[in-house]
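Q: I have a structure open and do not know how to read it. Can we go through the features one at a time?

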Amino acid sequence: MSLIGLLIAGIIIGLLGKWVAPSNRDNIPIWLTIICGIVGVLVGYYVAGALGVAATSGPDWIRWLISIILAAIFVAIASALTSRRGARR
């Protein structure tokens with residue numbers, strides 16, 4: 001995957017991950033959402049490969065689904081790590 005493709009996919013997957021994450025877990029800045037998306041794409045690519053998802057001639061829907069789920073998990077983790085202590089959620 002090219003760098004431009006990774007950035008575009010990271011933005012889209014990050015926003016989808018933020019949308020999928022529980023509402024009390026999506027209060028992070030947009031730049032951190034994009035980073036979570038890029039990490040979700042990278043990790044999702046390798047997790048899908050480890051699970052035996054073969055490359056197809058069309059879109060790899062299972063690989064994208066794994067990336068969205070991982071991005072949602074990363075958004076929730078980032079939200080938990082960046083939340084202020086003592087603040088109500």
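## Reading the features

A: Start with one residue: Tyr-45 is partly exposed, with a relative accessible area of 42%. The model is predicted, and every value here is computed from it.

Q: Is its sequence neighbour Tyr-46 buried or exposed?

A: Residues count as exposed over 50%. Tyr-46 has a relative accessibility of 59%, so Tyr-46 counts as exposed.

Q: How many aromatic pairs does the structure hold?

A: There is 1 aromatic pair in the structure. Tyr-45 and Tyr-46 form this pair, with ring centres 5.3 Å apart and planes at 85°, an edge-to-face arrangement.

Q: What secondary structure does the protein chain have?

A: The chain has 3 helices and 0 strands. Read from the N terminus, the order of elements is α-α-α.

Q: How confident is the predictor in the chain?

A: A confidence score is given for each residue and can be averaged. The mean pLDDT of the chain is 76, and 78% of its residues reach 70 or more. Among the elements, α2 has the highest mean, 84, and α1 the lowest, 76.

Q: Why does the length of α2 agree with what a helix should span?

A: A helix has an expected rise for each residue, and the end-to-end distance can be set against it. The 21 residues of α2 should span 30 Å at 1.5 Å a residue, and the end C-alpha atoms are 30 Å apart, so the two agree. For α3, with 22 residues, the first and last C-alpha atoms are 31 Å apart, close to the expected 32 Å. Just after α2, Gly-52 has a positive phi of about 90°.

Q: Which residues are buried in α2 and α3?

A: Burial is judged by relative accessible area, and buried means under 20%. In α2 the buried residues include Leu-32, Thr-33, Cys-36, Gly-40 and Gly-44. In α3 they include Arg-63, Ile-66, Ser-67, Ala-71 and Ser-79. Over the whole chain of 89 residues, 35% count as buried.

Q: Why does Ser-67 count as buried, and what does Ser-67 touch?

A: Ser-67 lies in helix α3. Its relative accessible area is 2%, so Ser-67 is buried. Leaving out residues up to four places away in sequence, Ser-67 touches Ile-13, Gly-40, Val-41, Gly-44 and Tyr-45.

Q: Is Ile-62 buried or exposed?

A: Ile-62 also has its place in α3, which covers residues 61–82. With 53% relative accessibility, Ile-62 counts as exposed. Its C-alpha is 9.6 Å from that of Gly-44, although the two are 18 residues apart in sequence.

Q: Which residues make up the largest nonpolar core?

A: A core is a group of buried nonpolar residues whose side chains are joined. The largest here has 7 residues: Leu-6, Ala-9, Ile-13, Ile-38, Val-41, Ile-68 and Ala-71. Each of α1 (3–20), α2 (30–50) and α3 supplies at least two of them. The largest share, 3 residues, is from α1. Another core, of 5 residues, lies apart from it and includes Ile-28, Leu-32, Cys-36 and Ala-78.

Q: How much of the contact in the chain is between residues far along the sequence?

A: Among contacts with a separation of 6 or more, 68% are between residues 24 or more positions apart.

Q: Which residues does the UniProt annotation "transmembrane region" cover?

A: The unreviewed UniProt entry gives this annotation to residues 6–21, 28–55 and 61–81. In the model, residues 61–81 are 100% helix and 0% strand, with end C-alpha atoms 30 Å apart.

Definitions and conventions: Residues numbered from 1 in each chain as written. Predicted model: local features only at pLDDT ≥ 70, side-chain atom pairs only at ≥ 80, totals over all residues. Heavy atoms only, no water. Helix = DSSP H or I, 4+ residues; strand = E, 2+ residues; numbered from the N terminus. Buried < 20%, exposed > 50% of the residue type's maximum accessible area, 1.4 Å probe, protein only. Expected span 1.5 Å × (residues − 1). UniProt positions renumbered as here; feature names shortened; annotations may be inferred. Phe/Tyr/Trp six-rings, centres within 6.5 Å; stacked < 30°, edge-to-face > 60°. Core = buried A, V, L, I, M, F, W, Y, C linked by side-chain atoms within 4.5 Å. Contact = heavy atoms within 4.5 Å. pLDDT = per-residue confidence, 0-100.
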